[in-house]
Structures are given as C-alpha cells and as structure tokens.
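Me: Could you take a close look at one helix in this structure for me? I would like to see how that part sits in the whole, and I work at the bench, so plain words are welcome.

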Amino acid sequence: MNLVDYSSSIWSIAPAALALILAIATRKVLFSLGVGILVGAFMLAPEFMGGFAYLKNITVGLVYSEGKWSLGKLQIIIFLLLLGIFTSLLTYSGSNQAFANWARKHIKNRRGAKLLTACLVFVTFIDDYFHSLAVGAIARPVTDKFKVSRAKLAYILDSTAAPMCVLMPVSSWGASIIATIGGLLVTYNITEYTAMSAFISMSAMNLYAIFALLLVFFVSYSSFDIGSMARFERSAQTSEHHTQDEVVESKGRVYALIVPILVLMVTTVSSMIYTGAQALDTFSLLGAFENTNVNLSLVIGGSAGVVAVILCTLGLIDLANYPKAIWSGCKSMFGAIAILALAWLISSVVKDMHTGDYLSTLVAGNIDPAFLPAILFVLATVMAFATGTSWGTFGIMLPIAAGMAINVDTGLLIPCMSAVMAGAVCGDHCSPISDTTILSSTGAQCNHIDHVTSQLPYALLVATAAIVGYLVVGFTESALFGFIATGMMMLVLILLSRKSVK
C-alpha cells in the first residue's frame, strides 16, 4: 500500500498530538487513542477504503507480518490475563488480606508501606512489565491498609520500573541497549569502549533515571506531595475505603502469597536465562539476557505462578469458586488490554507518519556542541512522550546521537547517548500512551489519567534538574560535575515546591 509521506512535515505529529491532547482533556483514553488512530489512518491513506485497508493491515500486523507470525504482543496479553488470574486467586483465598494483616504487625506506618513498595524494585528489576504488575499485586493491600492513595502507589511503581531497568545491564532493557551500543561502536570503529563499559558509563550519566529513583525514595520517606498528588493523598486518608483500622480476620495464609510470587519470579528469571542461552554457543549470563525472549519468559513465569497459587490455595477457596475467580481475574485485565492494543496501533501510525524522523530533524543546524546532550535529552523526551515508547526512542535516537557526537566531538559520545536514554525514560513517564504507564495504573488499580496527572509534576521536576545537569556535562564532559549540578538543582526545586505547597 502506498502511503502519503509526512517525514518532512509538521503534520507528522498530528495523530499523536491529537491523541495526547484528547486523553488529557477528556480523560477517556480509549476514545482518544481511537481518534488518533483513525485520523492517522486516513491521513496516510486518504482514499475512503484505503484508510480502512490500512487499519486492517496494522491490526493484523500486531500478530502476523512479513509472512510469519509475531507472537510477542499476544504473549504480553496472555501474561496480563495470567497475572489477573494470579491476583484474583490470591484475593479470593484471602492471602492478600493475610499478608496485609502480617504487614500491619511488622510495618508500623504509611512510610514503611511506601518504602516497602519502593524497595521491591531491587527484586523485580528484571523487566518493567513484570515489576509494575507483580509489585502492584504484592503492595496494593499493604498500601491500602495504611491509607496510601492508589495514585501514590502507581507513581512508586512507575518511577521505579523503567529507571531501574534502564540502569541495570542484567535486565531486558539493559541487554537490548548493550546490543545496540555494540553495533554502534562497530559502525563507527570505536575501540575505546566495549559495549558493557560504554553502557556502565552511560548509566552513570543517566541523570533522569538516577534522580527519579532517588526522588521516589524521598517522596516515600517524607510524604513530599505536590500537584494533584496532595489531593489524592488527602482523599485516601479520609475515605471509607482506607479508614478501617481493625485487622480483618482472614482464612488466607501468608505462605499462599509468598510462595506463588517467588515461583513467578524465579521461573521468569530462569526462563529468561534459558531462552537467551539457546542462542549462544558459549554461555554467559549477560549473553543470555541479551538474547532472551522476554515475552515468552513472562508467559512461562506467569503460568508457573498460576499453578503455584492454585496449589497453595487448595482448601482456602471452594472448588466451585475457582471458575468465578479465574473469570474475575480475566475481566480485571480487559481494560488494560484494550488500552495496550490501541497504544500498539497508534505506535504503528506514528511510525508510518515518520513522527520520530521529523522530530529528529529539529536539532539539525549550527549549534554549540556543548548543548548537544541537553538538546538530545529534550528531543528524546518529546519523542518518547509523543510515541509512548522508550524502546522505540532508543532505536531511533541512539544512532542519531552517536552520529552527531562523532561528527562534532567524540568526547560527547557517551554523554549524548546517555542523554537519549534518560530522555526516553522521562518521556515514557509523562506519556499516557506508554505501556509502562498503563501497566503501572493497572498494577495499582488506579484511574489511568489520575496516575498520569499526579506523576507529571515529579517527572518534570527531575527533568528540569536533568537538563541543568546535561548542560554541565556538555561543557565539562564530566559525569561527576553533571551529577552534582543535577543534585543541587533538585534540592532547589524541592525547597521551592515545598514552599509553594505550604
């Protein structure tokens, strides 16, 4: 099918911009995504039947393209359904309540509940999808008991997921980025770094990810509530849902929660290592993660988790209630699956509109090379925000950043690529059509737009500080100076925000 070329036109951003504006204005994500997809389809194929043919092609393309089946997205949907069943069975068995009762005895206050949620990322950093959904299921009954808003829970989930994954080499994100870096180093004949050493250096300069994590722990410890988050927290502390102080008796058992979660985690990680090892002649842990099939591993882990939770809840759930629990779990995921499917479709539209190509040309021209890291951070943020994908932004922007740095100043290679990584995560955090943002809302069972609007002030605070840090990095080529500058700017912004709230 011949499509209209918008690669050099500002109209390339129209579908994504329309979807974003409508999502924020109407708070109806499905409607907004649908409008963006339809507008993009008929812009790309102006003829009436052409637009419908294009919609059919991109829909079929989610599972079948270039003459072969592509099961990755289907596997994510299966994993979501499995996790819905997993959490529903835990709820029906009373195990969530039992864990909440246990946590009430051992976690004494709201601060402990929030810090527990934040710290779980050090166990589940292997994949952002896994983290957002699994930790949401674990932490939600505890944070509910201590009157923590669902918006705060969603923020903690989202702002620990991608930032930790992007910093860790032994994660689905890290392995993908390392593979991309390795190709760029070969392309430009750079022997100063190995792919791993370049990734570690880039992680040290990933100012947004580092300080987003630090801010999560600060917010969890100090109850630093700004923007709409303050309203959601006040509401949570006064609502009936969060004010039942007595311990509710439950026939559930804590082991029926802990054992299935451990099975889920261990099986998922083992499957990632196993599926990655199949592509290697000589086994290495990093090599396994570079070549792993993340989606298949999630399905395997999710299936094992469901089997484990069924075995652990025998006697805790009446046999007649198992079908009800399974159907209830599936239904709880239908909304998230619908949003994800439309987000995937609009990503196809954005790709065919060449939105990323157009945005990348905005920095072309004569500029001081020292400004490049800050400019690339902003551009990657805008691109990830508009497209809803940090991985897509990596794919487009890392080669652009490397090419620009090589052409103007090789000393800026690591800072420029690091700025792209940071901006991609930042834009992903701010975007209502991001997979991770959607799944964090799902894991917390929080209204999606409530999560987006309450997280945005925190993301913008860190982004502002990171821009200052990348300006310093650009002029000094020092990760340490950039880190210090970002930290100082963060402190100033926090103090100003506290004063404003008071």
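Reply: A close look at helix 8

Let's begin with the whole chain. Among the contacts in the protein with a separation of 6 or more, 79% join residues 24 or more positions apart. Please keep in mind that this is a predicted model. The protein has 502 residues, for which a compact globule would have a radius of gyration near 23 Å, and the value here is 23 Å, which agrees. Along the principal axes, the C-alpha atoms fill a box of roughly 70 × 55 × 55 Å. The protein contains 24 helices and 2 strands, and 55% of its residues are buried. About 20600 Å² is exposed, with carbon and sulfur atoms supplying 65% of that area.

Now to your helix. Helix 8 covers residues 128-145, and at 1.5 Å a residue its 18 residues should span 26 Å. Its end C-alpha atoms are 25 Å apart, so the span agrees with what is expected. Along the way there is a bend worth finding on your screen: a kink of about 45° lies at Ala 139, shortly before the proline Pro 141.

How many residues of helix 8 are buried? The count is 18 of the 18, so this helix is largely enclosed by the rest of the structure. For a residue to count as buried, its relative accessible area must be under 20%.

Just past the helix comes Lys 147, which has a positive phi near 60° although this residue is not a glycine. Lys 147 belongs to the loop between helix 8 and helix 9, the latter running over 150-167. Its relative accessible area is 21%, so Lys 147 counts as partly exposed. A second residue makes a good companion for Lys 147: Gln 445, also not a glycine, has a positive phi near 55°. Gln 445 lies in the loop between helix 22 (435-444) and helix 23 (448-476), and its relative accessibility of 46% makes it partly exposed.

On the other side of the Lys 147 loop you reach helix 9. Helix 9 has 18 residues and reaches 26 Å from its first C-alpha to its last, close to the 26 Å expected at 1.5 Å a residue. Of its 18 residues, 17 are buried, so helix 9 is largely enclosed too.

From here you can step into the core. In soluble globular proteins, nonpolar side chains tend to be buried together. The largest nonpolar core here has 148 residues, and those with the most contacts inside it are Val 166, Tyr 208, Leu 215, Phe 377 and Met 417.

Two residues give a feel for the packing. Phe 394 lies in helix 20 (residues 390-408) and is buried, with a relative accessible area of 6%. Leaving aside residues up to four places away in sequence, Phe 394 touches Val 166, Trp 173, Ile 177, Pro 399, Val 420, Met 421 and Ala 424. Met 417, counted in the same way, touches Leu 184, Met 202, Leu 398, Ala 401 and Ala 402. Phe 394 and Met 417 are 23 residues apart along the chain, and their C-alpha atoms are separated by 9.0 Å.

If you trace the route again, go from the kink at Ala 139 through Lys 147 in the loop to helix 9, then on to Val 166, one of the residues with the most contacts inside the largest nonpolar core.

Notes. Residues are numbered from 1 along each chain as its sequence is written. This is a predicted model: local features need pLDDT of at least 70, side-chain atom pairs count only at pLDDT 80 or more; totals for chains, interfaces and linings use all residues. Side-chain values use heavy atoms; hydrogens and water are left out. A nonpolar core is a set of buried Ala, Val, Leu, Ile, Met, Phe, Trp, Tyr and Cys residues joined through side-chain atoms within 4.5 Å. Buried means under 20% relative accessible area, exposed over 50%, partly exposed in between (1.4 Å probe, protein chains only). Contact means heavy atoms within 4.5 Å. Helices (H or I, at least four residues) and strands (E, at least two) are DSSP runs, numbered from the N terminus. The expected span of a helix is 1.5 Å times one less than its number of residues. The bend at a residue is the angle between axes fitted to the seven residues ending there and the seven starting there. The radius of gyration is taken over C-alpha atoms; the globule rule is 2.2 Å times the number of residues to the power 0.38. Accessible areas come from the Shrake-Rupley method with a 1.4 Å probe; for residues, only the protein chains shown count as cover.
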